[in-house]
Amino acid sequence: MSTMPAAIAMKLREIQCDEIPIPFPAKDKVLVKTKLASICGSDLHITYMGWNVTKFPLPHGYPGHEGIGIVVDGGETDFLEGDLVLTVPNIWLSRCFAGYQLLDPQYLLKISSEIPMSHLLMAQQLGTVVFGSRKLPSLDGKTVVVIGQGSVGLFHDFILRRMGATQIIAIEPVKERLQAAMKMGATHLIDMTGNKAVDAVLELTGGRGADVVVEAVGSVETLNQSLKLVRRFGKIAAFGLPPTMKKIPFDWDTFFRKCVDMH
């Protein structure tokens with residue numbers, strides 16, 4: 001077989017699948033056959049909103065950058081045919097939405113075939129949470145609020161618990177996600193949103209607010225809500241991407257008066 005299927009974003013919100021040639025092997029690169037690829041939130045921002053896009057159509061297979069694959073040709077690298085690998089390409093070189101990719105070996109991690117691929121596929125997103133959490137201060141004895149309990153929020157529960165946080169307050173209106181949050185390390189569950197959620201957090205913290213707030217949704221409303229949830233001189237980790245390319249309203253007054261650190 002000399003061709004492969006590959007997704008291509010023709011213009012904003014328009015994606016099609018083409019049949020294109022498989023990349024030719026190279027001695028200093030690894031040819032990988034894609035087995036699974038996940039859709040990252042940033043992929044949606046790129047293809048639906050044109051985030052960091054200068055022109056369409058986008059390259060075939062782009063912007064998929066979270067994948068699992070099988071090595072077809074290792075070239076003259078340390079990878080061998082048949083190796084199961086996590087593909088973590090530089091975002092500008094990513095082609096996980098294609099049948100095959102030709103990658104530099106530095107963007108591949110050999111993994112065990114004994115673990116389900118669907119579990120391994122989440123490793124890269126977990127890595128982004130680990131990376132972001134390294135910016136946080138010591139959490140020993142601290143209270144953390146995590147807004148949103150999708151995969152990013154759940155991974156934060158897992159990591160923050162292991163960083164020493166005493167209270168992890170999960171905010172999420174979907175019952176099943178809250179149940180998962182408890183399993184991942186959350187100590188308190190809030191199934192309300194908006195001002196009701198703010199009131200519930202203030203009640204749990206004696207009116208003080210949380211030491212750290214992780215915004216894991218990516219909406220204008222939840223970004224500004226995080227400022228109401230955090231204590232004075234507290235910290236906010238803005239993890240979610242806003243749902244628009246336009247400038248968004250920001251509660252500067254609360255940010256200023258509370259002397260908040262945000263990253």
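**Note on the salt bridges and overall build**

1. Lys11 has a relative accessible area of 47% and is therefore partly exposed. Its salt-bridge partner is Glu14, with the closest N and O atoms 3.5 Å apart. Glu14 is also partly exposed, at a relative accessible area of 33%. The reader should bear in mind that this is a predicted model.

2. The protein contains eight helices and 13 strands. Its C-alpha atoms fill a box of roughly 65 × 40 × 30 Å along the principal axes. Of its 263 residues, 44% count as buried. Among contacts with a separation of 6 or more, 64% are between residues 24 or more positions apart.

3. The exposed area of the protein is about 13900 Å², and 57% of this comes from carbon and sulfur atoms. There are 27 positive and 26 negative charges, whose mean positions lie 6 Å apart.

4. How many salt bridges does a search of the whole structure find? The search yields eight. One of them joins the side chains of Asp261 and Lys235, at 2.8 Å from N to O. This pair links distant parts of the chain, 26 residues apart: Asp261 belongs to strand E13 (residues 261-262) and Lys235 to strand E12 (residues 230-238). Asp261 is partly exposed at 41% relative accessibility, and Lys235 is partly exposed at 25%.

5. Arg257 and Asp253 form a salt bridge through their side chains, at 2.9 Å from N to O. Because they are four residues apart in helix H8 (residues 252-257), about one helical turn separates them. Asp253 is partly exposed, its relative accessible area being 45%. Elsewhere, Arg208, Asp211 and Arg231 are joined into one network by salt bridges that share partners.

Technical notes
Residues are numbered from 1 along each chain as its sequence is written. This is a predicted model: local features need pLDDT of at least 70, side-chain atom pairs count only at pLDDT 80 or more; totals for chains, interfaces and linings use all residues. Side-chain values use heavy atoms; hydrogens and water are left out. Helices (H or I, at least four residues) and strands (E, at least two) are DSSP runs, numbered from the N terminus. Buried means under 20% relative accessible area, exposed over 50%, partly exposed in between (1.4 Å probe, protein chains only). Contact means heavy atoms within 4.5 Å. Accessible areas come from the Shrake-Rupley method with a 1.4 Å probe; for residues, only the protein chains shown count as cover. Lys and Arg count as positive and Asp and Glu as negative; His and the chain ends are not counted. The place of a charge is taken as NZ of Lys, CZ of Arg, CG of Asp or CD of Glu. A salt bridge is a side-chain nitrogen of Lys or Arg within 4 Å of a carboxyl oxygen of Asp or Glu.
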